[in-house]
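I opened this entry to record what I looked up in the structure. The notes follow in the order in which I took them.

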Amino acid sequence: MQRSIAGNVVLATCLMFLFVIVILPFYWIFSSSIKIPQEIISLTPTLVPQSFTWQHYGKLLNSSDFLLYLWNSLQVALGTMVITVVLSASAAYGLYRLKLPGRNLVFQIILITYAFPGILLLIPLYGMMSRMGLIDTIPALIIINVTFAAPFAVWMMRAFFSTIPVEIEDAAALDGANRLQILLRILFPLAAPGVASIAIFAFIMSWTEYMFASVLIISDERRTLPVGLAGIIGQYQVDWGLLLAGSALTAFPVIILFALVGRNFVRGLTAGAMK
Amino acid sequence: MQQAKDLPANPPQTRRPTFSASNLYGYLFVLPILLWLGATILYPLVSAVMLSFQDVGIIGTGGEFVGLENYADVLTSDRFWEAGGRSLVWVFGNAIVQTLLAFITALALKQVFPGQKIARTWIILSWIVPTVVVVVIWRWLLNASGGIINYALVGLGFIESEIGFFSSGNSAVTSVILINSWRWFPFLAVIILAGLQSISDDLYDAAAVDGASTVQQFWHITLPGLQPVLFVLGLVGTLLSFNVFDIIWLLTGGGPSSATTTLPVYIYETAFRKHSLSEAAAMSVVVSLFLLAFAVVFIRYAAPRLEED
């Protein structure tokens with residue numbers, strides 16, 4: 001591929017622009033979170049920190065409920081992840097391996113549920129959870145997060161299943177393996193990148209969820225991270241050091257997960273939306 | 001096609017499952033998710049409709065049947081239609097900004113350059129971090145005292161002194177739209193990129209031989225080739241964008257003086273601040289019907305006409 005010099009300049013400008021708007025804000029948050037308070041609130045922002053301190057992180061971990069919120073968020077996210085993977089992987093298998101009649105209809109229903117406005121379900125789900133005695137519990141959040149993560153996960157998973165040739169299954173069947181054995185021993189290992197992608201997707205969806213958690217959780221000690229951080233934002237005198245450190249630590253787990261399986265995840269996102 | 005092969009030629013003597021038995025088996029895999037979605041979407045929807053005909057204030061309290069009273073209240077309320085208008089502005093504003101940014105990004109990432117693989121993965125960073133982090137990032141960047149954007153704008157002479165981006169109506173709406181677009185455009189970009197990659201290079205080569213300009217190639221090859229992807233994005237993206245609640249709520253709380261109160265924010269306020277649950281349920285039903293109508297019209301007129309398999 002050859003490009004003209006003008007083409008190169010345009011491309012470099014676009015990439016630079018993207019780098020500045022996507023990556024730099026994250027640098028800015030992190031670099032500010034390790035400055036001493038005087039430098040944080042200084043009217044002349046410093047691009048490279050002139051001071052260095054972990055004091056905001058120390059305060060966050062020692063004298064706030066951050067670790068408690070983190071633990072709650074982890075429970076919700078892991079629960080959501082496990083249930084979403086089981087439900088979505090088996091549904092994707094049923095829909096895209098077995099070539100069922102009516103699968104296009106189910107597929108469309110799933111598309112619609114993914115885009116279904118959560119706010120419209122917030123009120124009736126609140127009522128339902130209250131009748132089931134699940135208000136102010138972790139399971140309530142898991143149930144709801146699965147509802148919003150599973151449909152898109154089916155889409156992503158289907159794309160991964162469809163890359164595995166059917167002949168592999170036939171060969172295993174000839175060797176006397178039953179359907180369940182084929183699924184667990186042959187298909188799942190081959191579809192492992194897909195399973196990882198939907199697991200991460202479910203984790204991320206759950207990690208970010210604010211609206212339901214803000215309404216369904218009442219007691220302070222069961223709050224998740226987004227609700228807990230929002231509590232700090234809402235204070236009259238914002239402690240920026242604490243808030244920035246909290247944001248950095250909240251973003252950290254998803255960034256680490258993404259670093260591990262990011263390529264497959266993006267492949268899954270796009271493949272799910274393509275077909 | 002596929003199914004004929006599975007039909008046993010003779011009365012079942014082979015071990016192969018029959019067509020219907022195989023299907024039954026397959027449906028068992030799909031059943032759990034359908035039950036789950038039925039219990040958490042369908043059932044709540046039905047109970048929302050029932051709630052909308054009563055006069056329940058706070059959840060758990062009883063309510064009388066009031067017929068269509070809530071609907072009459074909602075449909076004659078100026079505030080409801082104003083929120084609807086803001087939702088329209090919100091959806092269009094986001095669509096324009098995000099489409100523009102996503103196309104530029106996708107076209108840039110389609111090129112070959114060093115670090116291309118890393119860029120194609122990490123471009124989505126702003127979409128994977130929690131909304132509350134996005135909110136903190138932008139509140140910090142746009143902070144009126146010492147925020148870097150104000151500092152830069154003053155330094156470059158665009159403004160005379162620091163401004164509060166969320167303190168006047170129009171600038172709050174613009175800021176929230178831009179921030180939400182910042183969060184979502186990478187998601188659109190990677191999907192458009194995948195669509196671009198599915199268009200054969202031969203088409204471009206042939207067009208180049210015929211002397212088509214880059215702009216002509218974009219209109220006659222790229223856009224038609226992207227139609228299936230754009231259809232899905234137009235439908236799902238519009239609905240997802242309509243849904244956005246947390247980023248608005250956490251940035252502005254719907255203010256200043258309701259300037260950013262879109263329908264989701266208004267419904268949330270009505271249900272959990274004003275404690276008029278039934279009225280909020282009636283709004284939800286009305287809004288659901290509007291969205292359904294949009295989806296039906298969109299599918300009817302914008303669906304790609306090629307596949308019939």
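**Confidence in chain B**

I began with residues 1–19 of chain B, where pLDDT stays under 50. For this stretch the model has 11 contacts beyond four places in sequence. I note here that the model is predicted. I then looked up chain B as a whole: its mean pLDDT is 84, and 89% of its residues reach 70 or more. For the model I recorded an ipTM of 0.89 and a pTM of 0.88.

**P130(B)**

I next located P130(B), which lies in the loop between α6 (125–128) and α7 (131–141) of chain B. Is P130(B) buried or exposed? I found 25 C-beta neighbours inside 10 Å, and because 20 or more suffice, P130(B) counts as buried.

I also asked which residues P130(B) is in contact with, leaving aside its neighbours within four places in sequence. The list I obtained is W207(A), T208(A), P226(A), T250(A) and A251(A). For a distance within chain B, I took P130(B) and A302(B), which are 172 residues apart along the chain; their C-alpha atoms are separated by 33 Å.

**Contact between chains A and B**

I then turned to the contact, which takes 76 residues from chain A and 77 residues from chain B. On the side of chain A that touches chain B, I found that helix α14 (residues 240–274) of chain A provides the largest share, with 15 residues. By residue class, I entered that side of chain A as 58 nonpolar, 15 polar and three charged residues.

Note on methods. Residues numbered from 1 in each chain as written. Chains lettered and ligands numbered in written order. Predicted model: local features only at pLDDT ≥ 70, side-chain atom pairs only at ≥ 80, totals over all residues. pLDDT = per-residue confidence, 0-100. Contact = placed C-beta atoms within 7 Å. Helix = DSSP H or I, 4+ residues; strand = E, 2+ residues; numbered from the N terminus. Buried ≥ 20, exposed ≤ 12 C-beta atoms within 10 Å, placed from the backbone. Nonpolar A, V, L, I, M, F, W, Y, C, P; charged D, E, K, R; others polar.
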